[in-house]
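The questions below take up the strands, a helix and a few loop residues of one model, and each answer works towards a single value or name.

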Amino acid sequence: MIDEALLQSVAAAEGPLSPEQCAEKARLVAASVDSAALDRAGVGDAMLLWRNESSEAWLNTWREPRDTGYHDHDGSCVGVHVLEGVASNEPLVIGGPRRISTYGAGESFSFPGSGIHRMDHEPGAVTIHVYSPPLRVIGHYDLVDGALQRRAFSPDEPTGPSGALNDAFSERAS
Ligand SMILES: [Fe+2]
């Protein structure tokens, strides 16, 4: 399904990558993925493509809607490439309108390691995510009794929607 030799050559790097370099690696990996061979059963899957000292990469298949909630990468930047379907990216904006950017098949974007964002994946989306340096922690944000709190997740542990924070933004927008 994936050309292992190409994967190894794309993964090879020394030191941390820029957000743009992460997006470029995600694009290069996408060129070697035979998406017709992907498993279409189940709710979706996350496959670790590589994890080395410089970066790590995941191939994600989303069979159901997936909202990550607002989160940070504890300093790791990310480059995302959409192979199939639709995914959107939203930085956490305070005191202004929401900034949701939507990406379709063949499009990519990057996000800085200092940022807080949320991603929404429509059912059927197939995405590649490259993080650098490799993920240590995902910091997930939500409101608890009206106060913003951060909860640390393992990089292998999926996060869910920021329910109360999302509601607060929706009320502000209406
Ligand atoms: Fe993220």
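Strands here are DSSP runs of at least two residues, numbered from the N terminus. The model is a predicted one.

Q: In which loop is Pro133 found?
A: Pro133 follows a cis peptide bond that joins Ser132 and Pro133, with omega at about -10 degrees. Strand 10 covers residues 126–132, and strand 11 covers 138–144. Pro133 is therefore placed, by these strand limits, in the loop between strand 10 and strand 11.

Q: Which strands stand at the edges of the open sheet?
A: Five strands form this open sheet with antiparallel pairing, in the order 1-2-10-5-8. A strand with a single partner strand has one side left without a neighbour in the sheet, and so the edges are held by strand 1 (44–51) and strand 8 (108–111).

Q: Which residue in strand 8 is the bridge partner of His81?
A: Strand 5, which spans residues 77–84, pairs with strand 8 in the antiparallel sense over four bridges. Within strand 8, the bridge partner of His81 is Ser108.

Q: Is Asp145 buried or exposed?
A: Asp145 lies in the loop between strand 11 and strand 12 (147–153), and its phi is positive, at about 50 degrees, although the residue is not a glycine. A residue counts as exposed if 12 or fewer other C-beta atoms lie within 10 Å of its own. Because Asp145 has 6 other C-beta atoms within 10 Å, the residue is exposed.

Notes: Residues numbered from 1 in each chain as written. Predicted model: local features only at pLDDT ≥ 70, side-chain atom pairs only at ≥ 80, totals over all residues. Pairing = 2+ DSSP bridges. Contact = placed C-beta atoms within 7 Å. Axes fitted to C-alpha atoms, helices over the stretch in contact; angles between N-to-C directions. Buried ≥ 20, exposed ≤ 12 C-beta atoms within 10 Å, placed from the backbone.
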